[in-house]
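Me: Please take a close look at one part of this predicted model for me, namely its inside. I would like to know what is packed there and what is left empty.

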Amino acid sequence: MLPTPRADIAPNTAEFETQPLVKPTGFREYDARWWFGVPGHDKPSELNLLGVQALGQGMGTVFHEKWVAPKVVVGHDFRHYSQSIKYALMTGLSQAGCQVLDIGLALSPMTYFAQFALDAACCAMVTASHNENGWCGVKMGYDKPLTFGPDEMSRLKEIVLNGTPVMRSGGSISRVENMKDVYLKAVTKDVQIKRPLKVIAACGNGTAGAFAPEALRAMGVEVVELDCDLDWTFPKYNANPEDEKMLHAMADALKEHNADLALGFDGDGDRCGVVDNNGNEIFADKIGLMLARDLSRENPGAKFVVDVKSTGLYKTDPVLKENGSEVDYYKTGHSYIKRRTTDLEALAGFEKSGHFFFRPPIGLGYDDGLVAAAAVLQMLDRNPGKTLSELHDELGEAYTSMTMSPHCGDEVKYGVIDEMVEEYKGLLGSEILGRKVVDVNTVNGARVTLEDGSWVLVRASSNKPELVVVVESMVSKDDMKALFHEEVKPRLGKHSEVGAYNQEV
């Protein structure tokens, strides 16, 4: 047995090599994220390899408590420390009596796919997704295609921090070869694009660079690679298709090569961002609406799930109404939308961050950037006389901001949001920028809707020490900026715990 993990162990000490370090805040709402550290950085480590081993022991204990066969698919993303973290995690899992199947370098959706392909109940993907270099984490599940939610994460945290995992015999670790080939064949086998399309594949030097170009070519399109060479220093920007730097690079490449669209993939390949033929980014909630309109024509009455950061146009869309489709707004977070989509037996779920969840017959229910890319290409194939920008223009006017995130410590961010929720609830019926507040949705922070359909959202980030702010105006781009600069930012600014924003409109 390992000693009980501690949160106060300093790096570059004997204790760091002999005692498990696990900072409690790394246990998020539905996955785990810690600052592991990079040489020369001032921020101290929040996790060490013995802490990862303790995490594996705790995770294996949770799997056994769920009374599922303890067969676990494990993969890792492309960071210089991810493979070491994976080996420490697998050691802990095997000590807890799990049969570990190591599929090697992987995308998160490849790990989810392998659960089906290898008939494994459980998964653990070592990834920090789109977080900056130095972060690490794990996405995990035991009930495919779902991943952990708050209850499972709370139990895992309890076991690990209290040092109460159960060691069992029968654990093993084995290597699975060629899962990449099996996965890519499955993702592309039913996709054959007949329309001539030139596509920019942008990967930000992250893991998707080893997968996305090959998959897109197999789908039948011409591919121009942008930052697809793997480089764990991420020399240009984080592989994050919500980040302005990545989106601008995608737009520049599209114009340079006269491409039809650009598709950007995040660090673990479960998200997809889109830039249209004119070089304009289309946020994933509106790509989702375009897909919902297209898919509802072939699947009348289909249900769709979207997160609370998504455009209000879903509520008023005439095509969805004509085709009898229902749209459900739910909590932001890949685990939440995945579960909600499954529970409602919806055809698809969409998150503004770029997570797309397609259930059969399109996908297997989990978020996969390559499946999302295929869906966008197939939509264009079914509309051969229209460009992506023309399909977007059919949606009507809504001016939506990018996702903006001010720093706010993990220990205090939920308290700040609780106060903001109460403050906004108290504004129901009063006016914001000359418009009456008609609804305050508190399923995930506060989404405050005005009488003209414009809205503002504040919530706590589920995986970083940040808040999340999104605004949308049904009036104009200037009004959208005013909703942020004259409404949300000053209101949040009253809280001393709220720091600088990562980006602003």
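Reply: One definition is needed before the counts. Ala, Val, Leu, Ile, Met, Phe, Trp, Tyr, Cys and Pro count as nonpolar; Asp, Glu, Lys and Arg count as charged; the others, Gly among them, count as polar.

Start with the empty space. The predicted structure holds 3 cavities of 30 Å³ or more. The second largest has about 60 Å³ of space. Its lining consists of M1, L2, P3, P5, A54, Q57, I159, V160, G163 and P165. Two elements, α2 (49-65) and α5 (150-162), give two or more residues each to this lining. A54 and Q57 fall within the range of α2, while I159 and V160 fall within that of α5. Sorted by class, the lining has 8 nonpolar residues, 2 polar ones and no charged ones. The polar ones are Q57 and G163, because Gln is not on the nonpolar or charged list and Gly is counted as polar.

The largest cavity has a volume of about 80 Å³. There are 13 residues in its lining, and P241, G273, I282, F283 and A284 lie nearest its centre. Both β10 (272-275) and β11 (281-282) supply at least two residues to the lining, and the largest share, 3 residues, comes from β10. By class, this lining has 7 nonpolar, 3 polar and 3 charged residues.

Now the packed part. The largest nonpolar core has 72 residues, and those with the most contacts inside it are L216, F265, F350 and F358. Helix α13 (369-382) gives the largest share of this core, 10 residues. Take L216 as an example. Leaving out residues up to four places away in sequence, L216 touches V199, A201, V221, V223, L263, F265, A373 and L377. Of these partners, A373 and L377 fall within the range of α13. A second, separate core has 40 residues, including L47, F63, L89 and A124.

Some backbone details occur in loops next to elements already named. The peptide bond from K144 to P145 is cis, with omega near 10°. P145 lies in the loop between β5 (135-141) and α5, and α5 is one of the elements that line the second largest cavity. Another cis bond joins P360 and P361, where omega is about 10°. P361 is placed in the loop between β15 (356-358) and α13, and α13 is the helix with the largest share of the 72-residue core.

Two aspartates can be compared to end with. D227 has a phi near 55°, a positive value in a residue other than glycine. D227 lies in the loop between β8 (222-226) and α8 (244-257). P241, one of the residues nearest the centre of the largest cavity, falls by its number between β8 and α8 as well. D119 also has a positive phi, about 50°, and is not a glycine; D119 lies in the loop between α4 (108-117) and β4 (122-126). Their surroundings differ: D227 has 13% relative accessibility and so counts as buried, whereas D119, at 58%, counts as exposed. The cut-offs behind these words are under 20% for buried and over 50% for exposed.

Notes
Residues numbered from 1 in each chain as written. Predicted model: local features only at pLDDT ≥ 70, side-chain atom pairs only at ≥ 80, totals over all residues. Heavy atoms only, no water. Core = buried A, V, L, I, M, F, W, Y, C linked by side-chain atoms within 4.5 Å. Buried < 20%, exposed > 50% of the residue type's maximum accessible area, 1.4 Å probe, protein only. Helix = DSSP H or I, 4+ residues; strand = E, 2+ residues; numbered from the N terminus. Contact = heavy atoms within 4.5 Å. 1 Å grid on protein atoms, 1.4 Å probe; cavity = no way out; pocket = protein on both sides within 12 Å on 5 of 7 lines; lining within 4 Å. Points joined across faces, edges and corners; volume = space filled by probe spheres on them.
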